[in-house]
Amino acid sequence: MTNCATVKILVAGLVGGFIGNGVLGALFSMPPIQSILYNPEWQSQLFIEITPQRNIPVSVAGLVLLSIIHAWLFSVLMPSIPGKTWLKKGLFWGLTIWLMYWLFQEWFIYNTLLGEPLLLNVLELTILMVGSLVEGIIIACILVRNPAGNSE
């Protein structure tokens, strides 16, 4: 791998992770979403007590750094990723990120550990899908598109 390819992967991961997590932050901080997720009639008490204690900046920084691994995996698997355009590859990769990371985290941490109800898991997973698709599209855009804007 050349230095240019390594830099491109780092940039794709950092930019994709930063923007994807920015979208998640914006969606999760919306008052209607907050009122649903923190409604004591619907949400588990443990979730309501524990989640406000998160160190959000450290969590987001970790997720952005994790996105470098997502970009590296994309670069390795790119020839076998379905789709002829960077956009289709990016959408598939976003779905893959969601399946590899968020689906399991939501089940094992929020549902089984914190007791979050399944319907609220589905709401969160829907929001997380949007952020994952944004991340996947950005990674693919940076790693697949050539300067002329055509897919390779």
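**Figure 1. Tyr101 and its partners from farther along the chain.** Leaving aside residues up to four places away in sequence, Tyr101 touches Leu63 and Leu66 in this predicted model. Tyr101 itself sits in helix α5. Is Tyr101 buried, exposed or partly exposed? With a relative accessibility of 25%, Tyr101 goes down as partly exposed; the cut-off for buried is under 20%. For a sense of scale, pick out Leu128 as well: Tyr101 and Leu128 are 27 residues apart along the chain, and their C-alpha atoms are separated by 10.0 Å.

**Figure 2. Leu143 and the residues around it.** Here we're in helix α6, where Leu143 is found. This leucine is buried, at a relative accessible area of 9%. Which residues does Leu143 touch, once those up to four places away in sequence are set aside? The list runs Lys8, Ile9, Ala12, Ala71, Phe74, Ser75 and Met78. Met100 makes a handy reference point for this view: C-alpha to C-alpha, Leu143 and Met100 are 20 Å apart in space, with their positions 43 residues apart in sequence.

**Figure 3. The largest nonpolar core, and a second one.** Leu143 turns up again here, as one of the residues that touch the most other members of the largest nonpolar core. Ala71, Phe74, Trp93, Ile139 and Val144 share that billing, in a core of 13 residues. Helices α1, α4, α5 and α6 each put in at least two residues. Which helix gives the most to this core? That would be α6, with four residues. There's also a second core, separate from this one and made of eleven residues, among them Ile33, Trp102, Leu125 and Ile127.

**Figure 4. A look inside the largest cavity.** How many cavities of 30 Å³ or more does the count come to? Just one, and the space in the largest cavity is about 70 Å³. The lining takes in 13 residues, and those closest to the centre of the cavity are Asn21, Ser67, His70, Trp102 and Glu135. Trp102 may ring a bell, as this tryptophan also belongs to the second core. At least two lining residues apiece come from α1 (3–28), α4 (56–77), α5 (86–113) and α6 (118–144). The largest share belongs to α4, which supplies four residues. If you're thinking about chemistry, the lining splits by class into six nonpolar, six polar and one charged residues.

**Figure 5. The largest pocket and its walls.** This view moves to the largest pocket, which holds about 560 Å³ of space. Which of the 22 lining residues are closest to the centre of this pocket? They are Phe28, Arg54, Ile56, Leu63 and Tyr110. Leu63 is a familiar face, being one of the residues that Tyr101 touches. The helices giving two or more residues to the pocket lining are α1, α2 (31–37), α4, α5 and α6. Sorted by class, the lining comes out as twelve nonpolar, seven polar and three charged residues.

**Figure 6. Cys4 and Cys141, with no bond between them.** Scan the whole structure for disulfides and you get zero. Why is Cys4 not bonded to Cys141? The closest cysteine sulfur to that of Cys4 is the one in Cys141, and at 15 Å it's too far for a bond. The cut-off for a disulfide is a pair of sulfur atoms within 2.5 Å. Looking from the other end, Cys141 is in no disulfide either, and its nearest cysteine sulfur is that of Cys4. As for accessibility, Cys4 is exposed, with a relative accessible area of 61%, while Cys141 is partly exposed, at 26%.

**Figure 7. Stepping back to the whole fold.** Once the close-ups are done, here's the wider setting. The protein has six helices and zero strands, so reading from the N terminus the elements simply go α-α-α-α-α-α. Along the principal axes, the C-alpha atoms fill a box of roughly 55 × 30 × 25 Å. What percentage of the 152 residues count as buried? The figure is 37%. Among contacts with a separation of 6 or more, 73% are between residues 24 or more positions apart.

Terms used:
Residues are numbered from 1 along each chain as its sequence is written. This is a predicted model: local features need pLDDT of at least 70, side-chain atom pairs count only at pLDDT 80 or more; totals for chains, interfaces and linings use all residues. Side-chain values use heavy atoms; hydrogens and water are left out. Buried means under 20% relative accessible area, exposed over 50%, partly exposed in between (1.4 Å probe, protein chains only). On a 1 Å grid over the protein atoms alone, a cavity is a set of points where a 1.4 Å probe fits but cannot get out, and a pocket is an open set with protein on both sides within 12 Å along at least five of seven lines; lining residues have an atom within 4 Å of a point. Grid points are joined across faces, edges and corners, and a volume is the space filled by probe spheres set on the points. Ala, Val, Leu, Ile, Met, Phe, Trp, Tyr, Cys and Pro count as nonpolar, Asp, Glu, Lys and Arg as charged, and the others, Gly among them, as polar. A nonpolar core is a set of buried Ala, Val, Leu, Ile, Met, Phe, Trp, Tyr and Cys residues joined through side-chain atoms within 4.5 Å. Contact means heavy atoms within 4.5 Å.
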